[in-house]
Amino acid sequence: MKSRALVLTAFAALVVVQLAVPASMIVKRESTLRTGERFLFKTAPIDPYDAFRGRYVWLSFEAATATISGETFESGQRIYASIATDDEGFAYFSTASAAPPDSGPYLAMKVSYTGVDDTVTLQWPLDRFYMDEHLAPEAERAYFEMNRADETETDVYAAVRIKNGFPVIENLFIDDVPIAEYVQREPPAE
Amino acid sequence: MSKSPIAWLHAELPGLVAAGVLAPEAADRLRSHYGPAPETPQRRGAAIIVCGVLGALLIGLGIVLVLAHNWAELTRPMRTVIALAPLVIGQCAAGFALVARRGSVAWRESSGAFLVCAIAVSIALIGQTYHIPGNLESFLFTCMLLAIPLAYLLDASLVAILFLAVLPFWAGMRLESRDGALAFFPMALLAAPYAVAAVFRRPHGVKAFNLALFGAVALAAGLHIAVAPALDELGVILVAALTTAYYLVHTADDAERPAAWTWPFRLIGAGGQIVLAIILTYGGAWRELAREFSLFPDAADWLEGLIAWAAILALFALSAGLLLRAVLAQRYWKIVPGLLPALVIFCLAYVSLTDDDLLPVVVFNAFILTLGIAAIAYGVQENRLFVVNWGILIVAALVTARFFDSDMSFVVRGVAFIVLGSAFLAVNVLWLRRKGNAPGAAT
């Protein structure tokens, strides 16, 4: 009976741990989505062959560099990029440092590589946007076409909520319309 | 007549016919008189378990698919609830199995397997809900850690098998991401106590066989992934020692009834030895080994190099110890395959010092030929058709390799084949003559 009680107690503890892992993922992200600061980051053109993997759109962001002041960084090292907003309301990274800034919004990222002119190229912690697989082909086409440089004035951007440097994607927009709604509105390509 | 004596009779008839006690026709009449052998309780129990597991998995996957149909229409809170639902259902099923169905293997195995899948599905669905970046390595790591305690708590071998099946893939991913695949060893230790205890509790059972099969594959793959890159060309010694140790695994009562758990090791070991030896019959392989050979390979750091060498020495010592044990148990037919690691070390040293690849090629051709002929002879002596066929397969593999070996001239190959074929024919003639002269042989 003692061993049975021990097994049941251990199982109960395991149940708590198994629920705690997904629950912590949910709580952290829900908290960020509800109370985090909202930023709009423009997306960048990507290889159309790799644009869609299964049920998600592969994301790439225009804001991918920041200025560093004298510090040296190694590839893969954690770095904190301060966020600023341009005249059109889109976010970009102004400076980056090894520690979180004392004030202002920032994003925890990783260093991709360091340039020769006191700039650092950053590795985004977000890389995908999941979608309904039935809308996927049109979303892929629209996302790729609207991201092509100098061929369209349509803004493609992601709304990202950030809290204490931790980001969660809220939605992906084409021309201020959520992408799922956009592809359902637009006629299919010939 | 009750069922178990009928099963006993069916099991006895082949032996009685082979010993000449009963004529084959009489055995057939007995079989038709008593009917076919009844399904054993063990087979029925296994069928129930398999059906239970498949049913649970299919129900779980079906639930997920039905819910996923309208995924895009659901709000985020609803998706979160649905994502956690399989996990909660699985935990309830496992809890019920522990509390009210502790004696039912089907309940424990199927609820354990379902819960493992539910853990993975829940985390994946939450990832889709919040657009979490994918990292398959960390995803598998989390799932494995959350799942493996179930094997101990539920005594569910399927959980351990799923863990062992995923482990080499996870280790391989760590190799690609340069995080180091040495983490394979501490992760393997999470499942090892359960697997070893289960195997030795019932060494002749299906559970023992399955755990040994997946454990043997996981260990071989994981060792290769974790250690071989640091060894470079010395990895050939690792492979030789590992396959030999596998092949030499046996238990004390093997002569009467080989333990089920030894079969996967022996089969993998025997197959691995043949494949390695065939490769080493090519001069090109030895020239490549000699060109790149170094006693101090370029490991990522000293710890990796130390662990790699420790693995080689440990496996070599294990294979040598098992060979000695086999010889002391008078299993002399294991001597030739047991010498593989020593032959590899000798030939590797020889070719690195002399740059001559002819001797190693001759040695390994002779090794495989000896293995094949010894297997055929042993199989004929012990009247074991499987072993005879295995020996024929070995010789056939060698013949095929030499037939297409462009390093040897047509004349040399032709002469070798004629000599070998003549030897087989001569043995055949001698064997038939011996049988013809034996007392009681038919004229």
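**Note on a predicted two-chain model: rings, cores and interface**

1. The count of aromatic pairs over all chains is 20, a pair being rings of Phe, Tyr or Trp (its six-membered ring) with centres within 6.5 Å. Planes under 30 degrees apart count as stacked, over 60 as edge-to-face and the rest as tilted. One stacked pair is Phe61(A) with Trp124(A), at 4.0 Å centre to centre and 25° between the planes. This pair links distant parts of the chain, 63 residues apart: Phe61(A) is in the loop between strand S3 (56-58) and strand S4 (65-67) of chain A, and Trp124(A) in the loop between strand S8 (119-123) and strand S9 (128-130) of chain A. Helices (H or I, at least four residues) and strands (E, at least two) are DSSP runs numbered from the N terminus.

2. This is a predicted model, in which local features need pLDDT of at least 70 and side-chain atom pairs count only at pLDDT 80 or more, while totals for chains, interfaces and linings use all residues. Residues are numbered from 1 along each chain as its sequence is written, chains are lettered from A and ligands numbered from 1 in the order in which they are written, and side-chain values use heavy atoms, with hydrogens and water left out.

3. Are Phe61(A) and Trp124(A) buried or exposed? Phe61(A) is buried at 6% relative accessible area, and Trp124(A) is buried at 14%. Buried means under 20% relative accessible area, exposed over 50%, and partly exposed in between (1.4 Å probe, protein chains only). Both residues belong to one aromatic cluster with Phe39(A), Phe41(A) and Phe93(A).

4. In chain B, Phe364(B) and Phe367(B) form an edge-to-face pair, because their ring centres are 6.0 Å apart and their planes stand at 65°. Both lie in helix H16 (residues 358-382) of chain B, three residues apart, about one turn of the helix. Both are buried.

5. Two lysines sit over ring faces, by the rule that NZ of Lys or CZ of Arg is within 6 Å of the ring centre and within 35 degrees of the ring normal. Lys28(A) lies over Phe166(A), 4.2 Å from the ring centre. Lys334(B) lies over Tyr247(B), 5.1 Å from the ring centre.

6. The largest nonpolar core (buried Ala, Val, Leu, Ile, Met, Phe, Trp, Tyr and Cys residues joined through side-chain atoms within 4.5 Å) has 110 residues, and Trp286(B) and Phe364(B) have the most contacts inside it. Helix H9 (residues 206-231) of chain B gives the largest share, eleven residues. Leaving aside residues up to four places away in sequence, Trp286(B) touches several residues, among them Leu280(B), Val344(B), Leu348(B), Asp357(B) and Phe364(B); contact means heavy atoms within 4.5 Å. A second, separate core of 40 residues includes Phe39(A), Ile83(A), Val156(A) and Ala158(A).

7. At the interface, 29 residues of chain B contact 27 residues of chain A. The two chains bury about 2,700 Å² between them, 69% of it on carbon and sulfur atoms; buried area is the accessible area (1.4 Å probe) lost on putting the two parts together, summed over both. How many salt bridges are there between chain B and chain A? The count is one, with Arg76(B) and Glu30(A) meeting at 2.7 Å, N to O; the cut-off is a side-chain nitrogen of Lys or Arg within 4 Å of a carboxyl oxygen of Asp or Glu.

8. Two non-glycine residues have positive phi. Asp176(A), with phi of about 65°, is in the loop between strand S11 (166-174) and strand S12 (177-178) of chain A and is exposed at 57% relative accessibility. Asp155(B), with phi of about 50°, lies in the loop between helix H6 (136-154) and helix H7 (157-176) of chain B and is partly exposed at 23%.
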